[in-house]
Structure formats: structure tokens, C-alpha cells
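Please find below a colleague's note, written for a reader who is new to protein structures. The points are best read with the structure in view.

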Amino acid sequence: ERLPGPLGRFAILGNHDQHHDLDAIAAASTDAGFTVLDGEVASVDVNGRRLAIGGTCAPWGPPIPDEAVPQADFSMLLSHTPDLVYKSARQGWDFILSGHNHGGQVQVPVIGPILMPSRYSRRFEHGFFRVPPSLMYVSQGIGSKHPIRYGCTPEISRFTLVRAAA
């Protein structure tokens, strides 16, 4: 609730929210001042430029239809799972923020994560990935499915978007 957001605060839900009271979680997020995007796109005016922000927790919730992606000076997609990166890149999103994999949650030295809940296995474990024309960042997040993390530091990411010099 105290998180500043001069241009708006946006949230998406995840697959673990599906196992609890999804409507109550969405309502609490809205009451805290967030716009919960669930297969939707919002637009924000930033000094005369249009920023499109989409959000989806697909496949657990609705995906963003191709025709819903607006023309914008910059577009950012909040996608719960990185498994949507190829479809999202075809839709033309500039920047994709994702999570879901928890960085593997348990990482064994030299071997890496022992369980990766992704159809692409460890391909999008965590960090930056370029899938033209999109750039995706996969966060390790702070949560976990099971109450254990090993070799996988919890992470809260903060990005500052800056327009490149002409």
C-alpha cells in the first residue's frame, strides 16, 4: 500500500493465488491502490508518450488477445510465467517482466536447479533474455511453493526505464 507509483501501480496474480480466495486477493490488491490486470492492457500517458502495460497470469487466467495489444511508444508486459515469452514477443511487447520459476527454489552447486516448473525447463531460469523484439527479465521472487530455498536468493527487482538519447 505504501509503494509509490506516480504513474499508477499495477499487479497480476499467480498460480498460487488460484488455490486460495482469488477474488479476495484481487480485491485486497485493488484496495491497496493497485490495478489488477488479468488478460488486460492499460495505457498511461508519460510526458506526451504512451506507455502500454499488460498483465496476465495465463495459463491459469486469461491471456492477452493479439488484438488487445495497443500501439504505444513503449510496451511492458507483466507475465506471471516466462513460458509465454515467444507468444508475447510475436505480439511485439518491448519489455516483459516475469517470475513463476522461483529461480528453481533449490539449486545444487555445479548442477543448478533441480526442479524448474516450466515447459522450457531451465532455459528461462532467471535473469535477462532477448527474444526479438522483446527483452524479458525473470525474477527469482521472494516466495516459494514449499517453505524451503537453497542456493537461490530471494529477489525483489527494481527497474528504472530511461529514454535513450536521440
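The numbered points below go from the whole chain to two residues of one strand.

1. Status of the model. The structure is a predicted model. The values in this note should be read with that in mind.

2. Secondary structure. The chain contains two helices and ten strands. Read from the N terminus, the order of the elements is β-α-β-β-β-β-α-β-β-β-β-β.

3. Overall dimensions. The C-alpha atoms occupy a box of roughly 50 × 40 × 30 Å along the principal axes. The radius of gyration of the chain is 16 Å, and a compact globule of 166 residues would have a value near 15 Å, so the chain agrees with that expectation.

4. Burial and contacts. Of the 166 residues, 41% count as buried. Among contacts in the chain with a separation of 6 or more, 45% are made by residues 24 or more positions apart.

5. Surface and charge. The accessible surface of the chain is about 9,900 Å², and carbon and sulfur atoms contribute 56% of this surface. There are 14 positive and 15 negative side chains, and 9 Å separates the centres of the two sets.

6. Arg-50. This residue belongs to strand E4, which spans residues 49-56. Is Arg-50 buried or exposed? Its relative accessibility is 38%, a value between the limits of 20% and 50%, and therefore Arg-50 counts as partly exposed. Leaving aside residues up to four places away in sequence, Arg-50 touches Ser-43, Val-44, Pro-70, Gln-71, Ala-72, Asp-73 and Phe-74. With Ser-43, the side chain of Arg-50 forms a polar contact of 3.0 Å. Arg-9 lies 41 residues from Arg-50 along the chain, and the C-alpha atoms of Arg-50 and Arg-9 are 16 Å apart.

7. Thr-56. Strand E4 also holds Thr-56. Why does Thr-56 count as buried? Its relative accessibility is 2%, and buried means under 20%, so Thr-56 meets the criterion. Beyond residues up to four places away in sequence, the residues that Thr-56 touches include Ile-12, Leu-37, Gly-39, Pro-63, Ile-64, Leu-77, Leu-78 and Leu-84. Ser-79 and His-80 are also among them. Pro-62 is another residue that Thr-56 touches, and the backbone oxygen of Pro-62 lies 2.7 Å from a polar atom of the Thr-56 side chain.

8. The two residues together. Within strand E4, Arg-50 and Thr-56 can be examined side by side. Arg-50 is partly exposed, whereas Thr-56 is buried.

Key:
Residues numbered from 1 in each chain as written. Predicted model: local features only at pLDDT ≥ 70, side-chain atom pairs only at ≥ 80, totals over all residues. Heavy atoms only, no water. Helix = DSSP H or I, 4+ residues; strand = E, 2+ residues; numbered from the N terminus. Rg over C-alpha atoms; globule rule 2.2 N^0.38 Å. Buried < 20%, exposed > 50% of the residue type's maximum accessible area, 1.4 Å probe, protein only. Contact = heavy atoms within 4.5 Å. Areas by Shrake-Rupley, 256 points an atom, 1.4 Å probe, with all protein chains shown as cover. Lys, Arg positive; Asp, Glu negative; His and termini not counted. Charge placed at Lys NZ, Arg CZ, Asp CG, Glu CD. Polar contact = N/O pair within 3.5 Å; in protein donor to acceptor, adjacent residues only side chain to side chain.
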